[in-house]
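Q: I should like a close look at a single part of this structure, followed by a connected account of the surroundings. The coordinates are shown here.

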Amino acid sequence: MAGIKSVTINDVATAAGVSRATVSRALSGYGRINEQTIEHVRATAERIGYRPNALAAAMRAGKTKTIGLVVISDFTNAFFDRATKAIIDQAKELGYRVLISHTDENIAVEIAAVETMLSNQVDGLILVPSGHAQHSHLTPKKLNGKPVVIIDRKLDTPRFTTITTGDQEAAKEAVLHATENGHTNLGFLIAVPGIKGFKKKAPEIPITSVQERADGFAEGVSESKPKPKSNIWIYCEDEEVAAGSAVEEMLDSPTPPSIIFTSNNDMLLAVLKIAGTRGLAIGKDLSVISFDDSPWAAAMVPGITVIARPVEDLGHIAVTELVEAIEGKAKPKEIVLEAHLIRRGSVAKLRKSK
């Protein structure tokens, strides 16, 4: 079945009995044209169902009022889900719409997504990079001068405004909280893009925020008094089966951890599932601390102790900074928002208070 043909500006001109240029001036509100003609053209356009191309009009004006892209690495992750909403809400508040692309931590997909967004004439980009070292597709020439704001992670270049959270210091605080409560056998489950399964030897970590979390955990171990008796580190593919196997490996070790620290909610879920299948009570038989808060983490009994990051603030600031850059009012800067430990019931007290 043939599709319905869109009504064009030429159709309006024919129906109104005026030139195409007159229609354009009447609908756009510019140039010398009398009020009677404007009313006649607009009434004709409405009668025959003409809908102006807002994008084309914006492009003629030099701006599309579009922030795009938001390259979110994983929509299933609670952090990125909330970040996306915060970005969309703030963009709407400032009169912008948002085009969204999903990279799945793949640099080739990221490059294609950036190219697609630029071809759609976006005014600027908000990007969660797939790695810190690969950014040749983000040169001023390839970006056509469009501003970029980097969120959650850092790149090895000072060209862009970067908005991150203080993950390293918060991770250290989490470990010290556990050891102060008497935990001496520690487990660390770190999700790392690009690896298959899991491994105990530290791999190259392409994501700066993940590296900072691992460094913070290590600092906590180093500064704990007394020193932990054992600490098991497992670096894992961010995937359910691999994460579950990694947790099993930890719990079956000769010195199983009394507490497991996880680098994100996906790793936390793996710990909770395996603990459930083994009949281990969280906050009693096994303790946990995870990065990123969520409604379900707070609603569990006991509630999960988390390292909370100000995700809504991050999204709002990212949009505000980008819009200021689009308007030529901002220069690249580094913004670090404070992350903090929310203490709930998932950390057992193994040491009696003095």
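In which helix is isoleucine 107 found?

A: Isoleucine 107 is found in helix α6, in what is a predicted model. Leaving aside its neighbours within four places in sequence, the contacts of isoleucine 107 are Ser130, Gln134 and His137. Isoleucine 107 and valine 319, by comparison, are separated by 212 residues in sequence and, from C-alpha to C-alpha, by 23 Å in space.

The loop that leads into α6 carries a salt bridge. Glutamate 105 pairs there with arginine 153, and the closest N and O atoms are 2.9 Å apart. Because glutamate 105 belongs to the loop between β2 (97-102) and α6 (107-119), while arginine 153 belongs to the loop between β4 (148-151) and β5 (161-165), the pair ties together parts that are 48 residues apart in sequence. The two partners can be described by their accessibility. Glutamate 105 has a relative accessible area of 26% and is therefore partly exposed, whereas arginine 153, with 5%, is buried. Both residues belong to a network of salt bridges that links Glu105, Asp152, Arg153, Asp167, Arg213, Asp292 and Arg309. In the model the count of salt bridges comes to 20.

Two members of that network lead to further helices. Asp167 is one of the buried residues of α7, together with Ala170, Ala171, Lys172, Ala174, Val175, His177, Ala178 and Thr179. The 14 residues of α7 should span 20 Å at 1.5 Å a residue, and the end C-alpha atoms are 20 Å apart, so the two values agree. Just after α7, glycine 182 adopts a positive phi of about 95 degrees. Arg213, for its part, is among the buried residues of α8, which also include Thr208, Ser209, Val210, Glu212, Ala214, Gly216, Phe217, Gly220 and Val221. For the 16 residues of α8 (residues 208-223), the same reckoning of 1.5 Å a residue gives an expected 22 Å, and the end C-alpha atoms are 22 Å apart, which agrees.

Helix α7 also takes part in a salt bridge between glutamate 173 and arginine 343, with the closest N and O atoms 3.5 Å apart. This pair links distant parts of the chain: glutamate 173 is in helix α7 (residues 167-180) and arginine 343 in the segment after β13 (340-342), 170 residues apart. Arginine 343 counts as partly exposed at 48% relative accessibility, and glutamate 173 likewise counts as partly exposed, at 30%.

A further salt bridge involves the loop before α8. Lysine 200 pairs with glutamate 249, the closest N and O atoms being 3.3 Å apart. Lysine 200 is in the loop between β7 (198-199) and α8, and glutamate 249 is in helix α9 (residues 240-251), so parts that are 49 residues apart in sequence are tied together by the pair. Glutamate 249 counts as partly exposed, at 35% relative accessibility.

The backbone has several local features in its loops. On the far side of α6, glutamine 121 is located in the loop between α6 and β3 (124-127). Glutamine 121 has a positive phi of about 60 degrees although it is not a glycine, and its relative accessible area of 33% makes it partly exposed. Asparagine 144, in the loop between β3 and β4, is likewise not a glycine, yet has a positive phi of about 55 degrees. Asparagine 144 counts as exposed, at 57% relative accessibility. Cis peptide bonds also occur. One runs from lysine 225 to proline 226, with omega near -5 degrees, and proline 226 is in the loop between α8 and β8 (230-236). Another joins valine 301 and proline 302, with omega about -5 degrees; proline 302 is in the loop between α11 (295-299) and β11 (305-308).

Finally, a helix pair may be described. The axes of helix α2 (residues 20-28) and helix α3 (residues 35-48) come within 9 Å and cross at roughly 95 degrees. That angle makes α2 roughly perpendicular to α3. Thr22, Val23, Ala26 and Leu27 of α2 make the contact with Thr37, Ile38, Val41, Arg42 and Ala45 of α3. By class, the residues of this contact are 6 nonpolar, 2 polar and 1 charged.

Conventions:
Residues are numbered from 1 along each chain as its sequence is written. This is a predicted model: local features need pLDDT of at least 70, side-chain atom pairs count only at pLDDT 80 or more; totals for chains, interfaces and linings use all residues. Side-chain values use heavy atoms; hydrogens and water are left out. Axes are lines fitted to C-alpha atoms, for helices over the stretch in contact, and angles run from 0 to 180 degrees between N-to-C directions. Helices (H or I, at least four residues) and strands (E, at least two) are DSSP runs, numbered from the N terminus. Angles under 35 degrees count as roughly parallel, over 145 as roughly antiparallel, 65 to 115 as roughly perpendicular and the rest as oblique. Contact means heavy atoms within 4.5 Å. Ala, Val, Leu, Ile, Met, Phe, Trp, Tyr, Cys and Pro count as nonpolar, Asp, Glu, Lys and Arg as charged, and the others, Gly among them, as polar. The expected span of a helix is 1.5 Å times one less than its number of residues. Buried means under 20% relative accessible area, exposed over 50%, partly exposed in between (1.4 Å probe, protein chains only). A salt bridge is a side-chain nitrogen of Lys or Arg within 4 Å of a carboxyl oxygen of Asp or Glu.
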